[in-house]
Amino acid sequence: MKITVKLNGIIRKTVKSDTNEITFNFPDESRVADVLRVLGIPPQEVEIVIINGVYCSNDRLLKPNDVVNLFPPIAGG
Amino acid sequence: MIKIMRVNMSNLSIINEDVPDRYMNLGGRAITSQILCDEVDPKVYPLGEGNKLVIAPGLLTGTMAPSSGRLSIGSKSPLTGGIKESNAGGTAATTLAALGIKAIIVEGKPTDCQKFILKVSDKTAELIPADELSGFGNYQTVGNILSKYQDIASVISIGQAGEQQLATATVAVTDMDKKPCRHCGRGGMGAVMGSKGLKAIILEKAIKKPLGEIMDGEGFKVIAREWSKKLVEERKVLTNFGTAITMNFINSVGGLPTHNFSYGQFEGVERINGTALAERIKTNGGKAGHACSPGCVIRCSNVYNDSQGEYVTSGFEYETLCLLGSNCDIDDIDAIARFDRLCDDFGIDTMEIGCAVAVLMEAGVIQFGDAAGTERIIREIAEGTPLGRVVGQGTAVVGKVYNVERVPVVKGQGLPSYDPRVAKGTGVTYATSPMGADHTAGNIIPGRYGVDNLKPEGQVGASRLVQTYTTVIDSMGLCLFVGAVEETIETIARLLSKMRGQTVTSEELLQRAEQTIMAEIEFNRRSGMTANDDRLPEFFKVERISSQSTVFDVEDGELDQIFADKSA
C-alpha cells in the first residue's frame, strides 16, 4: 500500500532526504514503528506522529494512502 | 543589597526600598502579580494615576540556570481590564538582577505630557526629561539613547503606540545585538508605560550576578550545567528552525488559524513555515540559532534580512507568521517580516494586530490576503489616524466598531495560533487563564499531557496542571521552552534548594504558583469580571472547523470548576 511520509525539521536530515515528503510502498499490516525502522529514524527523535490530521501512537496500523507526518520535539512560541 | 525601586511619576521621586520578607522568595510573574494585588485597586482606570507598572526579573535570573533571562512586566491591563503579566527575553532582566533590583514599581502620573527616561546604574537612578524622543519608534529611540549615553547594557522602551496609550502597545526590550525586538507584547503594557510619561528605562552595564547569595554555589553549578547540556541536545529543532517549526505541526492537526479562524489549514503554509524561514535566512545572510538573552542555550531567535541582504527584523516568530500570515491569508514571508519590523518599531503586539486585521478583513474593510493593505493599516496605527486608533485598541474594539460576529478574543485579548476547537486543552487555558487568551499561560500541545486533543475529556485537568507549571516557570525568569513539564519543576526545586541551602520541593513550588493564580483570579473578580468572562466566543462552540469537523465542546460548568477547590 502507498504511504506518504512527511519529514519535519531535523528528521529530514536524519533520513538524508532531499525533499520534505517521500512516498513508499509498505506491506499490509504495517505500523508507524515500521516506517521509522525502514527510514532509520530513532524513535526518540519523533515526538509526535500525525496521520491524516490526527495524533497517533507508534503502534497505529497504517491504511492505504495514509499521510504520516513525523515531528521532532517542538515547542510553540 | 537587593532592593525594590519605587518611581513616582507624579512627583518625580525615586525611592529604594528594602525587599519585604514576604517578597523575598517571589520573582517574575509571582512578584509582579503580588505587588499589584497588594497595591492596586482592581477597579482603577488602567491608564490613570492609580495603576502601577511593575517590572521584575525572575528568581533564577542572573544565575547559571540556562535560559533564565526573561523579564516580567505586570499591570492592570487596558486591553483585558484585568491583571496582566507579560514577559520577554532580551537583556534587561539579567541587567536588573546584576544591579540588585528585585522590582521597579512605576506609579503616579505626570500632570503634563512631558516624557522621561529612567536611567539606572549601580549607584544612581534618575529621571531625565526626554521630550526630544517624543514620536520616535523603538529603533530610533534606542539608536538615539545609545549614541548619547555610554555603557548601556539594555534599553526598555515604548514606540508611538505606547505614547498614544493604545491597548495593543508593547514594551520593547533590546536583545543581545541591542535591537528592540523582544517585547512584553500582550495586554497593552506599553500603554500603561506611556500613561506614566515614561519613554524608556536605560540600564547601565553591571557584572552579571544573581539577586542574592547562592548558598551552595558548586552544587547549583553542577545542576545548572547538566540541565544546560540536556536542553542544548533536546532543543536543536528550535535552535535550527525557530518557533516557526510549530507551523507544519499545527497545520497538520488542522488547528492553524486561517482566514480569521475559519479553517485549520492554510494552502500557503509551505511558503511561511519553519523550513521556508530557515531557507530564507540562509539565502539572505540572516542568522538562525540566535540567543535573545544572555545565557540562553536554546537560541530559538533569528535575524531576518531581505533579498538584498539588508536587515529587516529579529525575533521573527511562529505567532507572527500565523496571525499576520495564515490568519489573514497572507503567504508572502517577506511582507510578514516587514509587518513584524513595523510592529516592533511602533511597539505593537503582532498577535493582537494579526487578529484585529483579520476581523477587519472579515468586515470587508480590506480583502483577505491584502498584504499592502495590512502594511498600510499598521502604519496608520503609528500615525494615529481614526482607523489606526480603532485597530490599535485591539481585536474586540475592531469587532465592535464594524459589527463582526466572529471575533476571536477572551477577556478582550486576541487568540493565539492554536485553534481551540482542535487544541481543546489550550482552549480551556484561553478561557480560564486570568491573563485572557494566552497560549503561554498553559499550552496543551496535541500529543502531549496524555489527553486526546479532539475530545473534551480531561482537558480541564490538563490545562490546570500546565497553567500551574507555567506559572512556576514565569516566576523564575525562565523561558517557557525549558518545557512546562513535571521534570522541569523538579529541576527548579533542586536549583532553589542549592540556592537557599535548604530543601525546596516541587509541591511547594506548585502550591506557590497556585497562590499566584488564585490572587490573579481574585484581582479580576474584584475588577468586575465574572464566570461569563471565562468563555470562548460563541462561534467556536457552534461553528465546526472544517479541518476536523469539531467545535469547542468543553462544558461551561467544567470550565468553572478548574480552580474551584482553591477558591475561598
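This text walks through one sheet, one hairpin and one helix residue of chain B in a predicted model. Residues count from 1 along each chain as written, chains are lettered from A and ligands numbered from 1 in order of writing. Local features need pLDDT of at least 70, side-chain atom pairs count only at pLDDT 80 or more, totals for chains, interfaces and linings use all residues, and side-chain values use heavy atoms, without hydrogens and water.

Start with the sheet. In chain B, six strands (DSSP E runs of at least two residues, numbered from the N terminus) form an open sheet of mixed pairing. The order is E2-E1-E6-E3-E4-E5. Strands E2 (13-18) and E5 (83-88) of chain B are the edges, each pairing on one side only; pairing takes at least two DSSP bridges between two strands. Neighbouring strands are turned by 20° against each other on average, direction ignored, with axes fitted to C-alpha atoms.

Inside this sheet, E3 (residues 53-57) and E6 (residues 101-107) of chain B run antiparallel, joined by three bridges. B:Val54 has B:Ile105 as its bridge partner in E6(B).

Next comes the hairpin. Strands E14 (residues 301-305) and E15 (residues 311-314) of chain B are antiparallel, with three bridges. B:Val303 is bridged to B:Ser314 in E15(B). Five residues lie between the strands, and B:Gly309 takes a positive phi near 85°.

Finally, the helix residue. B:Glu362 belongs to helix H14 (residues 350-362) of chain B; helices are DSSP H or I runs of at least four residues. B:Glu362 has a relative accessible area of 29%, so it is partly exposed (between buried, under 20%, and exposed, over 50%; 1.4 Å probe, protein chains only). B:Glu362 touches B:Asn260, B:Phe368, B:Val404 and B:Arg406, leaving aside residues up to four places away in sequence; contact means heavy atoms within 4.5 Å. B:Tyr402 is 40 residues from B:Glu362 in sequence, yet their C-alpha atoms are 9.4 Å apart.

Technical notes
Axes are lines fitted to C-alpha atoms, for helices over the stretch in contact, and angles run from 0 to 180 degrees between N-to-C directions.
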